[in-house]
Amino acid sequence: MLIAADKFKGSLTAVQVAERVTAGLRRVVPTVQVEALPVADGGDGTVDAAVAAGFERREVRVAGPLGDEVTAAFALRGGTAVVEMAESSGLQRLPAGVFAPLTASTYGAGELLRAALDAGARSIVFGVGGSATTDGGAGMLSALGARFLDADGEPVAPGGGGLSELASADLSGLDPRLGSVELVLASDVDNPLTGPKGAPAVYGPQKGASPDDVETLDAALAHYAKVLEEAVGAKAAEYAASPGAGAAGGIGYGALLLGARFRPGIEVMLEVLGFAPALEWADLVITGEGSLDEQTLHGKAPAGVAAAARAANKEVVAVCGRLALAPEALGRAGIRRVYPLTDTEPDVAKCIAEAGPILERVAERVAGDFLT
């Protein structure tokens with residue numbers, strides 16, 4: 001039995017999901033062999049998943065999205081680092097109820113990448129998602145040595161809003177170590193930087209952006225890409241239109257400028273976490289996340305786990321908080337059966353508040369259906 005589930009956002013971490021499912025299974029079949037491999041798709045929880053898989057947790061002080069100092073972590077094993085931009089620049093780093101769509105910066109994410117380089121990383125998996133920012137990665141690039149100046153030769157203000165004042169960009173001071181490191185942009189979204197499917201239009205409202213803010217940010221990021229095209233050539237425009245450029249408020253664009261290779265986050269993380277060898281001995285895989293819905297099918301962890309398991313002819317079931325997918329869609333994704341918490345406890349508020357104990361009861365049902 002292999003448990004490869006993501007977090008139940010707002011209720012349980014991926015590690016806690018695995019612990020609760022294991023407890024429920026063993027209540028029915030005490031001798032069941034279980035391996036837990038908490039997974040993530042590049043968004044928040046990615047470093048925790050790497051640490052659970054045996055990576056070393058490293059903590060550093062970096063700038064949060066509003067410029068205040070925060071303690072953020074990355075994961076390291078051998079020459080491979082897993083860096084999660086949400087650790088420094090995520091929505092969870094903002095005070096409750098506070099949004100800063102125009103001014104939040106990714107500077108701390110650049111400091112995290114620099115810390116990974118300082119630790120000797122030769123390969124960096126850069127997981128992006130859950131960001132509070134829409135600055136096109138300008139803050140991150142600044143932390144790594146780039147300069148973004150206004151018409152007076154002064155640094156532009158932090159955040160996507162400040163990019164409207166950008167007059168010149170200079171990337172010649174970027175950390176030279178970036179040229180010899182393998183950088184993988186791990187994300188579950190393939191949006192371009194700007195336009196109707198770009199970072200501001202699609203994700204800006206989640207970060208508190210009003211319709212006027214979205215318009216401002218889209219124009220600012222388009223201007224930013226134009227100035228960068230003047231600085232580094234046609235590839236800047238090419239990257240702006242590339243899949244993944246719009247990830248995490250456009251930090252994907254900044255990563256592509258650093259030479260990153262864009263790959264689906266869950267695909268990368270399954271490799272890094274050692275999913276294939278863990279899968280070999282399992283006869284059943286349990287995956288899941290807080291909400292199984294249309295987004296799940298577009299690069300989220302359970303879909304990636306199910307696809308990899310199906311390719312190895314392994315049976316997959318899922319646990320979740322709520323289910324919003326039809327049986328046909330689940331079947332196409334390779335998930336045989338789903339066990340939502342709401343089937344056991346119809347009160348959604350209680351499912352969120354008491355997710356752990358309810359998940360154990362759900363796991364008892366899985367054991368009854370598949371292990372006895």
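A residue is called buried here when its relative accessible area is under 20%, and by that measure buried residues make up 55% of the 372 residues in this protein, whose model is a predicted one. The accessible surface of the protein comes to about 14800 Å², and carbon and sulfur atoms hold 50% of that area.

Turning to the overall fold, the chain forms 16 helices and 13 strands. The radius of gyration is 21 Å, close to the 21 Å that the globule rule gives for 372 residues, so the protein is as compact as a globular protein of that length. Along the principal axes, the C-alpha atoms fill a box of roughly 75 × 45 × 35 Å. Among the contacts with a separation of 6 or more, 71% join residues that stand 24 or more positions apart.

The largest pocket holds about 910 Å³ of space. It is lined by 34 residues, of which Asp-41, Asp-188, Val-189, Gln-295 and Lys-300 are the closest to its centre, and the elements that give two or more residues to this lining are α9 (247-257), β10 (261-264) and β11 (284-292). In character, the lining residues divide into 8 nonpolar, 14 polar and 12 charged.

A single residue, Thr-296, can serve as a last stop, and its place is in the loop between β11 and α12 (301-311). Because its relative accessible area is 2%, Thr-296 counts as buried, the cut-off being under 20%. Leaving aside residues up to four places away in sequence, Thr-296 touches Glu-289, Ser-291, Pro-302 and Ala-303.

Note on methods: Residues are numbered from 1 along each chain as its sequence is written. This is a predicted model: local features need pLDDT of at least 70, side-chain atom pairs count only at pLDDT 80 or more; totals for chains, interfaces and linings use all residues. Side-chain values use heavy atoms; hydrogens and water are left out. On a 1 Å grid over the protein atoms alone, a cavity is a set of points where a 1.4 Å probe fits but cannot get out, and a pocket is an open set with protein on both sides within 12 Å along at least five of seven lines; lining residues have an atom within 4 Å of a point. Grid points are joined across faces, edges and corners, and a volume is the space filled by probe spheres set on the points. Helices (H or I, at least four residues) and strands (E, at least two) are DSSP runs, numbered from the N terminus. Ala, Val, Leu, Ile, Met, Phe, Trp, Tyr, Cys and Pro count as nonpolar, Asp, Glu, Lys and Arg as charged, and the others, Gly among them, as polar. Buried means under 20% relative accessible area, exposed over 50%, partly exposed in between (1.4 Å probe, protein chains only). Contact means heavy atoms within 4.5 Å. The radius of gyration is taken over C-alpha atoms; the globule rule is 2.2 Å times the number of residues to the power 0.38. Accessible areas come from the Shrake-Rupley method with a 1.4 Å probe; for residues, only the protein chains shown count as cover.
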